[in-house]
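Please look over the sequence and the model shown below before reading on. The report that follows takes up sheets, helices, cysteines and backbone angles in turn.

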Amino acid sequence: MRTYVVRRPAIGASAAELDAALMRLRSFEERPGGLPVRWMHSYALREPDGRFGLTCVLQSDGQQSLERHAAQTRLPAREILPVIATLPARPFAPTMVYLVRRRSVWRSAADLQRAAAIARRIGDEDMAREVSWLHSHAIDEGDGTLGTVCLYQALDAEVLRQHATRAGMPADEIVPVLGRIVFREDATPPSAHGSAVPA
């Protein structure tokens with residue numbers, strides 16, 4: 001068996017059609033005595049035309065079996081590419097986006113800046129494979145203190161709690177983000193107290 005990358009662009013116009021394609025791949029795998037093709041994993045893609053595509057990593061005895069697999073799963077293969085080597089850079093880490101709320105933590109923008117520097121260092125140096133800080137909004141809590149609403153990519157909520165503990169700040173609320181709906185981009189986001197204070 002050899003490893004192949006199979007490119008399947010624009011297989012669905014909606015997330016439901018993408019789900020249906022993945023279900024066809026899964027059900028084919030569960031058939032006894034099928035083709036000599038093993039589905040390893042896939043990457044779901046949003047194509048430039050807005051449709052959904054897949055890039056699949058499969059093991060097979062050859063291109064003909066993969067062409068038959070494409071026909072039987074009704075998932076056309078634009079390219080069937082034999083893999084000659086895999087060059088690992090770092091382990092694949094499936095991540096989700098989370099909103100993290102930190103309430104009434106800092107007395108000043110300078111305090112928040114110092115905390116942000118610590119949080120960034122820990123994320124970038126100590127937990128780079130587990131946490132990626134996207135951006136934050138500094139919040140005037142109305143009682144003379146500052147809080148934040150932050151967006152992170154992370155392996156899970158527990159990793160974000162560990163990051164917060166190591167950075168010496170709370171994580172009062174951690175909520176998974178299911179998507180991003182953009183009505184209008186803010187070209188000049190406001191900064192808190194005259195300086196950017198992410199945390």
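Which residue in β4 does R7 stand opposite? R7 stands opposite E79 in that strand. The model is a predicted one, in which local features need pLDDT of at least 70 and side-chain atom pairs count only at pLDDT 80 or more, while totals for chains, interfaces and linings use all residues. Residues are numbered from 1 along each chain as its sequence is written, and side-chain values use heavy atoms, with hydrogens and water left out.

**The sheet containing β1**

Helices (H or I, at least four residues) and strands (E, at least two) are DSSP runs numbered from the N terminus, and two strands pair if DSSP finds at least two bridges between them. Four strands in the order β2-β3-β1-β4 form an open sheet with antiparallel pairing. Because β2 (37-46) and β4 (79-82) each have a single partner strand, they stand at the edges, and one side of each is left without a neighbour in the sheet. From one strand to the next, the twist averages 20°, where axes are lines fitted to C-alpha atoms (for helices over the stretch in contact) and angles run from 0 to 180 degrees between N-to-C directions. The antiparallel strands β1 (residues 2-12) and β4 are joined by four bridges. Strands of a sheet pair through backbone hydrogen bonds, either parallel or antiparallel.

**The sheet containing β5**

Another open sheet of four strands, also paired in the antiparallel sense, has the order β6-β7-β5-β8. Here β6 (131-140) and β8 (173-177) are the edge strands, each with a single partner, so one side of each is left without a neighbour in the sheet. Eight bridges pair β5 (residues 96-106) with β7 (residues 146-154), again in the antiparallel sense, and M96 has A154 in β7 as its bridge partner.

**Helices across the sheets**

The table lists helices with the strands that they lie across, contact meaning heavy atoms within 4.5 Å.

| Helix | Lies across | Approximate angle |
|---|---|---|
| α2 (residues 63-73) | β1, β2, β3 (52-60) and β4 | about 25° to β1 |
| α3 (residues 109-126) | β5, β6 and β7 | about 170° to β6 |
| α4 (residues 157-167) | β5, β6, β7 and β8 | about 30° to β5 |

Helix α3 has 18 residues and reaches 25 Å from its first C-alpha to its last, close to the 26 Å expected at 1.5 Å a residue; the expected span is 1.5 Å times one less than the number of residues. Its buried residues (buried means under 20% relative accessible area, exposed over 50% and partly exposed in between, with a 1.4 Å probe and protein chains only) are A109, L112, A115, A116, A119, I122 and G123. Seen down the axis of α3, these buried residues fall within an arc of 145°, so they line one face of the helix, the arc being that of the directions from the helix axis to the C-beta atoms. Their cover includes β5, β6, β7 and α4, whereas the face of α3 turned away from the buried side carries the exposed residues R114, D124 and E125.

**Cysteines and positive phi values**

A search of the whole structure finds zero disulfides, defined as pairs of cysteine sulfur atoms within 2.5 Å. C56 counts as buried because its relative accessibility is 0%, and C150 is likewise buried, with a relative accessible area of 0%.

R74, in the loop between α2 and β4, has a phi near 55°, a positive value in a residue other than glycine, and R74 is exposed at 57% relative accessible area. S104, placed in strand β5, has a positive phi near 45°, and S104 too is a residue other than glycine; at 35% relative accessibility, S104 counts as partly exposed.
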